[in-house]
Amino acid sequence: MGELEVPEEAYYGVQTQRALCNFPVSGHRQRPDFIRAYVQIKKAAALANMELGALDRDRGNAIVAAADEVLAGLTGRYSDQFPVDIFQAGAGTSSNMNINEVLANRGLELMGRSRGDYDFLSPNDHVNMAQSTNDTFPTASCIAVIFAADRLLDVLSSLSNAFQEKEREFSRVSKSGRTHLMDAVPVTLGDEFGAYAAALSRASHRIQERRNDLLELPLGGTATGTGANTNPGYRELAILKLSELCNLPLRKADNSFETLQSRAQLSAFSGALKEVAIELIRIANDLRLLNAGPTTGISEIGLPSVQPGSSMMPGKYNPVMAECLDMIGFQIIGNDTAVTLAAQAGQLELNVMTPVITSNILESIDLLTSYLPIFQKRCVEGIQAHEERCKAYLEFNPILATFLTPKIGYLKAAEIANESLDRRLPVKDIAIVKGILSKEEADKLLKTEKLLKKN
């Protein structure tokens, strides 16, 4: 393909430089989790190939040492050595070669040789020995997602616990329930917040399940799943070494052909992220609705005022933390749509769309991991109950007539409910005035503790 100049200070080589020329797309590079996972694969492969006698110790140890340096310097010396755009050649060959070149050139330096002396230590023949982009890129994708998912699960657990704390705090705040956005039988404010905690816990469980599916790896399948150009025992040994390096119970694919063709497991993980995004959007919108006011909305809770809400209207405060969470949720749903389309775009022995799948999943995780702790601290933990407002709404809720039906039947209870609404009088008072119930009977049937009884 001819010659191409590479910056003198670069550890990457000409294949990386070609990718920079071909794909100046988004300006977004691969995330550190992905680079870290990929470098660990190269280290594991070198260790396995040395143990099997396929790679001599001098070259293998140089690759391992270079890998250790890069892993230690991803936020420092080597942070600018992985510039390939996330939108790139199908399957991720550019990213794989970028890492191969960096490790080869640094390995050459460690052996006292010049960068680019590939006849001695080659990005392809030595660093990429017994590997293909086709098995290493999805392997790196799975491990990177696992790394990121573990941090996300901690964040979601903390947020769920924060809602549980509000459940306890608001457990005695009685209020009107609402279905179809209309008055319904009572609940407590704590019931609502406990449901939010439970929803996040359930969604977290789905993420954990899908995360565990990613422990099954295609590494060792090389180009099409056959394991071409690998020594006997390489697949098992490379995955064992990688498991030790990553401290994860990784395992080889049950069917290496399937794990090259299909991205169903990554797509399923993205679906779990969409599930948690849907729940977060719903919760954020509930908080916005319950906070609406302060004089013309529901205003049963008060969200913390964290910044002025208007450049024009003084004293206005908006539910900005919940609004931001909505936007993040929308982005995650959009990312999942792209993942879904990419996952179904695989053809025959390979899905070449893995780079966009991986990038979108890692972006979604990063958005949640970055923002949810802030949302917890600056929104959830500071929510206040407007108890008097809750009590006032409940007192005049006509649907309390529901609790009279065991004694007077549905139709008579409906008459009382309608009259309560028309006259703006409590159900209890109307039932007593009309002689349907004595005061003692009304007190017993409409006692708050009875209304909130849970089976």
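Modeller: Let's start with a definition: a charge is said to sit over a ring if NZ of Lys or CZ of Arg is within 6 Å of the ring centre and within 35 degrees of the ring normal. In this structure, R115 lies over the face of Y11, 3.9 Å from the ring centre. R36 lies over the face of F147, at 4.0 Å from the ring centre.

Colleague: Thanks! What should I know about the model before I read on?

Modeller: This is a predicted model, in which local features need pLDDT of at least 70 and side-chain atom pairs count only at pLDDT 80 or more, while totals for chains, interfaces and linings use all residues. Residues are numbered from 1 along each chain as its sequence is written, and side-chain values use heavy atoms, with hydrogens and water left out.

Colleague: How many aromatic pairs does a search of the whole structure find?

Modeller: Rings of Phe, Tyr and Trp (its six-membered ring) pair if their centres lie within 6.5 Å; planes under 30 degrees apart are stacked, over 60 edge-to-face, and the rest tilted. Here the search finds nine aromatic pairs. Take Y38 and F137: their ring centres are 6.1 Å apart and their planes stand at 80 degrees, so this pair is edge-to-face. Y38 belongs to helix α2 (residues 32-51) and F137 to helix α6 (residues 133-169), so the pair ties together parts that are 99 residues apart in sequence.

Colleague: How are helices assigned, and are Y38 and F137 buried or exposed?

Modeller: Helices (H or I, at least four residues) and strands (E, at least two) are DSSP runs, numbered from the N terminus. Buried means under 20% relative accessible area, exposed over 50%, and partly exposed in between (1.4 Å probe, protein chains only). Y38 is buried, at 0% relative accessible area, and F137 also counts as buried, at 0%. Another pair is F170 with F193: the ring centres lie 5.3 Å apart and the planes are at 75 degrees, so the pair is edge-to-face. F170 is in the loop between α6 and β1 and F193 in helix α7 (residues 189-213), so to speak distant parts of the chain, 23 residues apart. Both F170 and F193 are buried, and together with F163 and Y196 they form one aromatic cluster.

Colleague: Could we look at single residues next? Which residues does S174 touch?

Modeller: Contact means heavy atoms within 4.5 Å. Not counting residues up to four places away in sequence, S174 touches V187, T188, C390, K391, L394, T448 and L452. S174 is found in strand β1 (residues 174-179) and counts as buried, at 16% relative accessibility. A413 sits in helix α15 (residues 410-423) and is buried too, at 4%. Leaving aside neighbours within four places in sequence, A413 is in contact with A401, T405 and I408. Between A413 and A431 there are 9.1 Å in space, C-alpha to C-alpha, and 18 residues in sequence.

Colleague: How do I read empty space, and what is the volume of the largest pocket?

Modeller: Rolling a probe the size of a water molecule over the atoms shows where empty space is left. On a 1 Å grid over the protein atoms alone, a cavity is a set of points where a 1.4 Å probe fits but cannot get out, and a pocket is an open set with protein on both sides within 12 Å along at least five of seven lines; lining residues have an atom within 4 Å of a point. Points are joined across faces, edges and corners, and a volume is the space filled by probe spheres set on them. The largest pocket here has a volume of about 450 Å³. Of its 18 lining residues, K391, L394, E395, L446 and T448 are the closest to the centre. Helix α13 (387-395) gives the most to this lining, with five residues.

Colleague: Which classes of residue make up the lining of the largest pocket?

Modeller: Ala, Val, Leu, Ile, Met, Phe, Trp, Tyr, Cys and Pro count as nonpolar, Asp, Glu, Lys and Arg as charged, and the others, Gly among them, as polar. The lining of the largest pocket divides into seven nonpolar, two polar and nine charged residues.

Colleague: And how many cavities of 30 Å³ or more are there?

Modeller: The count comes to two. The largest cavity holds about 110 Å³ of space, and the residues lining it include P138, C142, L214 and E258. Helix α10 (264-291) gives the most to that lining, with three residues. The second largest cavity has a volume of about 40 Å³, and its lining has five nonpolar, three polar and no charged residues. Among the residues lining it are Q30, F34, S95 and N98, with α4 giving the most, three residues.
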